[in-house]
Amino acid sequence: ITHDMDFHKKVMHPARTLDYKRLISLLYVILLTQTYDAVIVPRSPVTSLPGSDVTLSCSFSYKAGADLGKVVATWQRPPADHVVHSFYYGRDQLGLQNETYKNRTQLFPEQFSVGNASLRLKQVRFEDEGWYTCAVANQVESTRGDVRLIVAVPYSEPHIHIDIMEGRDQYTLTLYSRGYPSATVQWLNETGCDITERSRTSQSLDSRGLVELRSQMLEQRDENTSYTFILNNTKLDQIIRRSFSVTINTGSERSAAPIARSHLLLLIPVLLLMLTTTALIALKRAGGKSRAGSSS
């Protein structure tokens with residue numbers, strides 16, 4: 001009985017009761033952490049040009065009166081969770097920042113009071129493309145959200161070059177354009193039929209990291225033809241569609257040369273006759289002058 005009474009006293013001791021209250025409070029905080037709404041991030045990908053600055057938006061719920069000094073804001077790159085930028089203890093904490101982002105990131109702690117934990121990424125590079133995780137924590141909540149960054153460059157206005165092959169009744173059509181990332185090219189004939197399988201398309205990176213697109217078609221010179229090409233950069237929803245016609249003048253070119261030669265042959269006798277007549281007249285005048293001089 002004494003043993004049971006001692007056990008009862010230990011369980012009902014005021015200090016022990018206080019521990020239970022703390023445990024309940026801790027469980028309540030954990031419950032809040034698990035059920036609190038996530039941070040708000042863009043649902044659609046954020047697009048940026050290489051070399052420019054971009055802001056990845058991230059907002060969180062801020063309660064008036066909360067201690068901003070205890071806010072922890074961290075940006076990471078999954079799946080390896082490379083640290084892009086960290087802020088806690090009231091200042092930037094860049095000791096664990098991945099070397100790739102050194103001197104290229106910025107948070108706005110003065111805007112934590114309005115729930116702004118957005119990341120400013122400077123001088124965007126092609127390799128920056130991918131997913132970013134924004135995580136915000138304070139005394140009562142810890143939330144996170146993912147943002148996707150796309151790095152892309154619109155394709156330039158395509159240039160078409162036509163090269164007529166000497167000695168052969170063929171010509172090549174070559175399409176040139178630059179952009180990023182890789183694009184697709186489709187060729188159509190004048191009736192709208194897909195003739196892409198007759199083309200050869202290559203894409204390679206130039207010195208600036210842009211994709212140099214070159215698409216070529218080998219065609220016969222036996223008729224006039226119309227073409228349409230469609231260039232599609234899906235990352236930017238960019239579609240360039242251009243139509244043009246190729247007119248072959250081989251027949252008129254072949255007939256023009258014989259006509260010119262026949263005209264020249266007809267003119268030769270006339271020219272000779274005119275030259276002969278002029279020479280005879282000159283000789284007669286010269287003879288008349290010489291006789292007049294001798295008689296005097």
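**Buried charges, cores and long-range pairs**

Me: In this predicted model, is Glu-219 buried or exposed?

Reply: The relative accessibility of Glu-219 is 7%. The cut-off for burial is under 20%. Glu-219 falls below that cut-off, so the residue counts as buried.

Me: Which residue forms a salt bridge with Glu-219?

Reply: The closest N and O atoms of the pair are 2.6 Å apart. Glu-219 sits in strand β14, and its partner in the loop between β12 (184-189) and β13 (199-205), 21 residues away. At 44% relative accessibility, that partner counts as partly exposed. The residue is Arg-198.

Me: Which residues are joined into one network by salt bridges that share partners?

Reply: This network is built from salt bridges with partners in common. Its members are Arg-178, Asp-206, Arg-208 and Glu-212.

Me: With which side chain does the side chain of Glu-219 make a polar contact?

Reply: Glu-219 lies in strand β14, which spans residues 211-220. Leaving aside neighbours within four places in sequence, its contacts include Asp-169, Gln-170 and Tyr-171. The polar contact is at 2.8 Å, and the partner is Tyr-227.

Me: How many salt bridges does a search of the whole structure find?

Reply: Side chains of opposite charge can pair when their charged atoms come close. Searching the whole structure gives a count of seven.

Me: How many residues apart in sequence are the parts tied together by Arg-104 and Asp-128?

Reply: The two side chains meet in a salt bridge at 2.9 Å, N to O. Arg-104 is in the loop between β5 (91-92) and β6 (105-106), and Asp-128 is in the loop between β7 and β8, so the pair ties together separate parts of the sequence. Both residues are buried. The separation is 24 residues.

Me: What separation in sequence does the salt bridge between Lys-235 and Glu-129 span?

Reply: The closest N and O atoms are 2.9 Å apart. Lys-235 is in the loop between β15 (225-233) and β16, while Glu-129 is in the loop between β7 and β8. Lys-235 is partly exposed at 26%, and Glu-129 is partly exposed at 25%. The pair links parts of the chain separated by 106 residues.

Me: Which residues touch the most other members of the largest nonpolar core?

Reply: This core holds 25 residues. Strands β2 (54-56), β3 (72-77), β4 (82-88), β7 (119-121), β8 (130-137) and β9 (142-151) each supply at least two of them. The residues with the most contacts to other members are Leu-56, Trp-75, Tyr-132 and Leu-149.

Me: How many residues make up the second, separate core?

Reply: Its members include Leu-173, Met-217, Tyr-227 and Leu-231. The core numbers 21 residues.

Me: Which residue offers its backbone oxygen to the side chain of Ser-177?

Reply: Ser-177 is found in strand β11 (residues 170-179). Its relative accessible area is 4%, so Ser-177 is buried. Beyond four places in sequence, Ser-177 touches residues including Pro-158, Val-211 and Leu-231. At 2.8 Å, its side chain reaches the backbone oxygen of Ser-156.

Me: How far apart in space are Ser-177 and His-159, C-alpha to C-alpha?

Reply: The two residues are 18 residues apart in sequence. In space, their C-alpha separation is 6.7 Å.

Me: What is the relative accessible area of Gln-238?

Reply: Gln-238 is in strand β16, residues 238-246. Leaving aside neighbours within four places, Gln-238 is in contact with Pro-154, Tyr-155, Leu-231, Asn-232 and Asn-233. The residue is buried, with a value of 16%.

Me: What area does the nonpolar surface patch of Ile-160, Ile-162 and Ile-164 have?

Reply: Ile-162 lies in strand β10 (residues 159-164). At 39% relative accessibility, Ile-162 counts as partly exposed. The patch made by the three isoleucines comes to about 230 Å².

Me: What share of the contacts with a separation of 6 or more joins residues 24 or more positions apart?

Reply: The chain has three helices and 16 strands. Of its 296 residues, 30% are buried. Among contacts with a separation of 6 or more, residues 24 or more positions apart account for 57%.

Technical notes
Residues numbered from 1 in each chain as written. Predicted model: local features only at pLDDT ≥ 70, side-chain atom pairs only at ≥ 80, totals over all residues. Heavy atoms only, no water. Core = buried A, V, L, I, M, F, W, Y, C linked by side-chain atoms within 4.5 Å. Buried < 20%, exposed > 50% of the residue type's maximum accessible area, 1.4 Å probe, protein only. Helix = DSSP H or I, 4+ residues; strand = E, 2+ residues; numbered from the N terminus. Contact = heavy atoms within 4.5 Å. Patch = residues over 30% accessible without salt bridge, like charges linked within 9 Å, V, L, I, M, F, W, Y side chains within 5 Å. Areas by Shrake-Rupley, 256 points an atom, 1.4 Å probe, with all protein chains shown as cover. Salt bridge = Lys/Arg side-chain N within 4 Å of Asp/Glu carboxyl O. Polar contact = N/O pair within 3.5 Å; in protein donor to acceptor, adjacent residues only side chain to side chain.
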